[in-house]
Amino acid sequence: MKKVSVKIQDDLMYCETPPFFPPCQYPELQAWEDKRTDDSNQVYDAVRELLRGLELDKDHWGTAAWNPFSAIIKPGDKVVIKPNFVIHHNAGRDNIEAVVTHGSVLRPLVDYALLALQGNGEIIIGDAPQANGDFAEITKKNGVSAMVDYYRRAGKPVRLFDFRKNWYPHGFKTGTREDLPGDPKGYRLINLQERSFMQDLSHKERLYGADFDRSFVVSKHQSGHEYLYSGSVLEADVVISVPKLKTHRKAGVTINSKNMVGANGDKNYLPHYRVGTPSEGGDEYPDRLPLFSRFMYRLNRFCFDRLLIKNTMSSRFAYLALFGPFDLLRRVVKRCTGYDYTMGHGDWHGNDTVWRMCLDLNQILLFADKNGVICNRPQRRVLSFVDGVVAGEEDGPLRPTPHHAGFLAAGVDCSFEVDYVCIHQMGFDPMKIKVISEAAQSEYLRFVPPSAKEVCCIVNGKECDYHEVNMHFKPQQYWVGHIERQES
């Protein structure tokens with residue numbers, strides 16, 4: 001039976017002081033040289049309780065011998081901790097607690113991974129944020145860079161990597177693309193071919209990735225389906241996924257199954273939608289739209305395909321001159337009516353592309369070996385820890401309204417089951433989220449939608465029916481009425 005451990009504590013808050021010392025000297029950490037504590041760190045104890053709920057090394061719980069990851073992480077292993085570091089702001093606001101994984105959630109996971117390694121192995125904290133995300137700013141704001149600096153000074157084998165090959169340091173539409181050093185362990189070009197969930201997708205010539213040059217992403221998914229995966233992730237013996245609990249404009253929600261988007265080194269390998277309406281072979285926006293919305297889409301598409309495709313500053317100035325006045329009008333209309341008449345690109349419940357890309361990346365995580373060869377048996381252990389202390393609802397993933405849920409969830413080798421429970425407890429129906437419902441149809445992923453009898457859900461240390469929890473998250477506006485769960 002799969003086991004999912006959940007912690008819900010209304011007054012749970014993040015520790016705000018890196019490097020996020022534990023609140024007391026726990027017996028299993030008594031041998032550590034640094035005895036400093038921080039009694040404001042509630043999250044450390046909450047994560048520790050999650051591990052207890054999973055019954056990891058349960059015979060030694062409460063003793064100096066307790067080593068919760070000992071059956072999962074072995075001395076000499078390479079461990080990758082994969083958080084969600086998507087972007088450095090929330091709709092221009094400085095506070096990003098509802099957007100990215102917080103460092104105080106990562107701290108106990110690093111400590112217990114170090115305990116299991118027993119001085120032999122390495123830990124990498126890494127992600128590939130959105131192409132306009134400032135990695136240094138993200139990891140400064142959430143305390144992760146200060147935490148990693150602490151480990152480095154202490155001589156611990158903990159490193160922090162930006163997995164991206166390139167980025168837009170001044171924004172997509174106001175700056176140009178620049179190269180980055182990338183993953184120090186390189187990348188593997190992986191072609192899933194007929195195993196790809198993109199295989200039966202029609203009108204691949206309409207694919208849009210994450211950059212203005214659509215010809216690139218189309219070429220990667222016309223005859224085969226290629227992704228550029230992080231070498232660090234593929235070389236790992238154990239991957240610890242630590243997503244942020246959020247709603248998502250293109251996928252409905254983003255938890256573990258969406259988190260591996262950050263394991264791909266070049267964003268333009270990732271199909272996000274197909275341009276146009278469903279009647280045209282696309283899934284960018286619905287067939288029926290207000291006239292103003294349709295005009296904005298046509299204008300924006302012209303600018304993308306004719307201007308922004310050129311990676312030059314002159315093309316950016318031309319774009320701002322042409323599109324700027326209409327975008328200002330859109331903002332005025334939104335402010336006056338409260339409704340955004342241009343829903344964005346593939347940002348609605350009819351998106352039939354992004355879930356396929358997400359499941360492809362999960363296949364690679366599970367079945368690609370260190371060289372990128374797809375195997376039939378899982379190649380690494382995957383742990384899941386969901387950060388929903390401050391979660392995101394409504395216009396996620398980049399502009400969410402903070403939802404202080406005081407929520408954490410965890411599981412071992414059951415990422416889809418963890419997502420299933422989390423989605424249900426957000427107040428949504430998991431089987432209305434395609435990344436979940438389609439995973440259930442896959443012969444490769446072997447995910448069986450759980451009933452209450454098939455998943456043991458531990459909430460605050462006690463076994464319970466996960467259906468009993470409903471945190472009443474608000475969906476993104478173009479998903480309202482399409483994913484909410486029906487109360488029995």
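Helices (H or I, at least four residues) and strands (E, at least two) are DSSP runs, numbered from the N terminus. The model is predicted, with local features needing pLDDT of at least 70 and side-chain atom pairs counting only at pLDDT 80 or more, whereas totals for chains, interfaces and linings use all residues. Residue numbers start from 1 along each chain as its sequence is written, and side-chain values use heavy atoms, without hydrogens and water.

The second largest pocket (an open set of points on a 1 Å grid over the protein atoms alone, with protein on both sides within 12 Å along at least five of seven lines) holds about 320 Å³ of space. Its lining (residues with an atom within 4 Å of a point) comprises 18 residues, with Lys 2, Leu 366, Asp 413, Cys 414 and Leu 445 nearest the centre. At least two lining residues come from each of helix H10 (354-367), strand S14 (381-393) and helix H11 (415-426), and H10 contributes the most, four residues. Ten of the lining residues are nonpolar, two polar and six charged.

Two cavities (sets of points where a 1.4 Å probe fits but cannot get out) of 30 Å³ or more are present. The largest cavity has a volume of about 130 Å³; among its 15 lining residues, Pro 22, Leu 29, Asp 34, Lys 35 and Arg 36 are the closest to the centre.

The second largest cavity encloses about 30 Å³ and is lined by Ser 5, Val 6, Lys 7, Glu 49, Leu 50, Asn 460 and Gly 461. Strand S1 (2-8) and helix H1 (42-53) each supply at least two of these residues, the largest share, three residues, coming from S1.

Conventions. Points joined across faces, edges and corners; volume = space filled by probe spheres on them. Nonpolar A, V, L, I, M, F, W, Y, C, P; charged D, E, K, R; others polar.
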